[in-house]
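This report covers a ligand site, a buried helix and several backbone features of one protein model. The ligand site comes first.

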Amino acid sequence: MVSRVIPVDTFDLVIFGGTGDLARRKILPGLFRRFLSGQMTAESRIIGAARSDMDDGGYRQMIREAIAEFGGAEKSDTTGLDAFIDRLHYVPIDATGDGGWKALSDLMRADVVRAFYFSVAPSLFGALAERLHLHGIADAHSRIVVEKPFGRDLASARALNETLAAYFKEGQIYRIDHYLGKETVQNLMAVRFGNVLFEPLWNNHYVDHIQITVAETVGVGGRGSYYDKSGAMRDMVQNHLMQLLCLIAMEPPSRFEADAVRDEKLKVIRALQPIAAHHIVRGQYDAEGDDPSYRADAENPRSFTESFIAMKCEIANWRWAGVPFYLRTGKKMKARSSEIAVVFQDLGHTIFEGDVARHRNILSIRLQPNEGIDLQVTIKEPGPGGMRLVDVPLDLTFADALGEDGEDVPDAYERLIMDVIRGNQTLFMRGDEVEAAWSWTDPLIEGWEARSDVPKLYEPGSSGPEDALMLMHRDGRRWREIKA
Ligand code: NAP
C-alpha cells in the first residue's frame, strides 16, 4: 500500500528531560522514524534540555546510542540516522534556576512552530511554564506537552491546571496519554463511527457488558518507592483505563475534532456512578521463589497500596443504564495484555436443534501485544456432521487487511508529537476532563484509605486475587482470559 505522508510544519521541539528514560527510549527513536518517513521536515530541530553538562556533540552521541538500543529496524538506515542526528541540539538548563535560559532563547527561531515537551518530574512542570514565559521563549502560538501523572488528586490537578493556565491558554496545553495515540484506539473510533453496523447495537438493548483489561507482567521493580505513593488506581485507572472507557461509552461527537470529542468524553466521566466498596477489589502481588513481594519491592512492609485493581462501574445515562463496565489492571499478571471487549447479549433463543451454547458476538480491541480488532461471530462449523455452530473471530486487523506489517505501525508517542506540531488536540486530555476524572476517583481512594482496607494477596503470574474473579461470577459473567 502506498502511504501518504504529509510533512508537518517546520518546528523547534525542546525536550526538557531530553537525557531521561522516556526521551531516550520512546520520544527520540519515534521522532527518528517520523524523520525517515518524511513527515518531519529537514529544517526541523530537536533541542534536548536538562541539567547535565554537555554540548551538541555529546547529546548527539547519547541519542545515537539510544536509537541503537531502543530503535527498531529503521536504525540500520545509517545515512538517515546521520541526517537525523544533525537535527539535534542540546542546552544545559535547570528548570528551577536561571542558567541556560538565555542560551535557549537565542537558539529558538521565530518563524517555526515552537513546542516544549515537559519530560521531567511533574514537580518541575510549573517552574518550566513560568520560565518559558518569563524569558519570552514561548509565544501565543507555542505548545507545551505535559507528561503523566497529572496530579495525584483533584486538588493537585486543579493547582497544576491553574499554574499552567497562568502562562498558557488551554489550546496550547497538550496533556499526553499515550494510550490515546495507539493505532488501535483510533481504529476503534473508525470502526464505531465509520460503519452502519455498530452504532444501532451500541447500547443497553444489545450490549451485555464491557471489559477493559490492562495486564502487565512486570512488577514495580526499581520504581517501588515512587509507585507506593500512587498505586494502580492513580497510575492506570484514573488516566488510561478511564480514557478507554470514555471512547467506548461516549456519544458520537458532531465532528472528529478536539473539543467535540472531549466534550463527549467529559459527559461520560460525569455520568460515572460512585462505586460501592464491594464492587472494588484491590490486590498486591505476593513473593514467589526468589522474586520479592510487592511490599518488598516497595520497601514498605506495611504498605496498603494496590498493585492490582478490579472494579465494576456503571454509567448513568440512557445509553448505558444497566450495562456494567468491568475494569481491571495489575502488575505481575500472567501475560502482558491490554484489551477492551464489548460483549453483546446472547440471542435468547436458538432455532438450531441441540445447540445449547450461549453464542455471543464479542468485539475485541487488543492494544497490546498484536494490536488489532476482531469480532467474534457464530458460523456453521465447516464440513459434514449437520448444523453445528462454532464461534470464530472475524479479523479487522489493519495489518492483514492493508498489507502492513506490525513494524510500520507508528508508536503512540511519535503520532501524538506530530499531532502537537499540527496543533491537533483531539487525542489529548483537556483540563476539565482530568479534573472530572479525579473527582470520580478521589472519593473511592479516600473510602479505602479511611477503612484501612488491606489489599488481597495474589500469586505472581496469575489473573489477580480470587475476589476479582468473584466480582464477575456473582453477576453470572466471567473475565476473558488474559493471554499474550
Ligand atoms: P527520568 O529518566 O528520571 O528523567 C528525568 C529527566 O529530567 C532527565 O533528563 C533529567 O536530567 C531531567 N531533570 C531533572 N531535574 C531537572 C531540572 N531541575 N531541570 C532540568 N532538567 C531536569 O524520568 P523519565 O522516566 O524520563 O520520565 C519523565 C517524565 O515522563 C515523568 O513525568 C514521568 O512520570 C513521565 N513518564 C515516563 C514514562 C517512562 O516510560 N519513562 C512513562 C510515562 C510517563 P538531568 O538530571 O541531567 O537534569
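A nitrogen atom of the ligand lies 2.8 Å from a polar backbone atom of A95, a polar contact in the sense of a pair of N or O atoms within 3.5 Å; within protein, one atom must be able to donate a hydrogen and the other to accept it, and residues adjacent in sequence count only if both atoms are side-chain atoms. The ligand taken alone exposes 890 Å², of which the protein buries 73%; accessible areas come from the Shrake-Rupley method with a 1.4 Å probe, and for residues only the protein chains shown count as cover. The model is predicted: local features need pLDDT of at least 70, side-chain atom pairs count only at pLDDT 80 or more, and totals for chains, interfaces and linings use all residues. Residues are numbered from 1 along each chain as its sequence is written, and side-chain values use heavy atoms, with hydrogens and water left out.

Two further pairs involve oxygen atoms of the ligand. The table lists them with the A95 pair.

| Protein partner | Ligand atom | Distance |
|---|---|---|
| A95, polar backbone atom | nitrogen | 2.8 Å |
| R51, N or O atom of the side chain | oxygen | 2.8 Å |
| G20, backbone N or O atom | oxygen | 3.0 Å |

Around the ligand there are 20 residues, and T19, D21, R25, S52 and V120 come nearest; a residue is near a molecule if one of its heavy atoms lies within 4 Å of it. By type, the shell divides into nine nonpolar, five polar and six charged residues. Here Ala, Val, Leu, Ile, Met, Phe, Trp, Tyr, Cys and Pro count as nonpolar, Asp, Glu, Lys and Arg as charged, and the others, Gly among them, as polar. Helix α1 (residues 21-36) gives the largest share of the shell, three residues. Helices (H or I, at least four residues) and strands (E, at least two) are DSSP runs, numbered from the N terminus.

Helix α5 (residues 125-134) is largely enclosed by the rest of the structure, because seven of its 10 residues are buried. Buried means under 20% relative accessible area, exposed over 50%, and partly exposed in between (1.4 Å probe, protein chains only). The buried residues of α5 are F125, G126, A127, L128, A129, R131 and L132. Their cover includes β1 (11-16), α4 (101-107), β4 (113-118), β5 (143-146) and α6 (154-165). After α5 comes G136, with a positive phi near 65 degrees.

Q39 sits in the loop between α1 and β2 (45-50) and counts as buried at 7% relative accessibility. Its side chain makes a polar contact of 2.4 Å with the side chain of R34. Beyond neighbours within four places in sequence, Q39 is in contact (heavy atoms within 4.5 Å) with V5, I6, P7, V8, R34, M418 and R422.

Two cis peptide bonds can be described. One joins K148 and P149, with omega about 0 degrees; P149 is in the loop between β5 and α6. Another joins Q368 and P369, with omega about -15 degrees, and P369 lies in the loop between β12 (362-368) and β13 (372-380).

Positive phi values also occur outside glycine. K332 has phi near 55 degrees, lies in the loop between β10 (325-330) and β11 (337-344), and is buried at 12% relative accessibility. S452 has phi of about 50 degrees and is in the loop between α14 (431-451) and β15 (456-458); with a relative accessible area of 41%, S452 is partly exposed.
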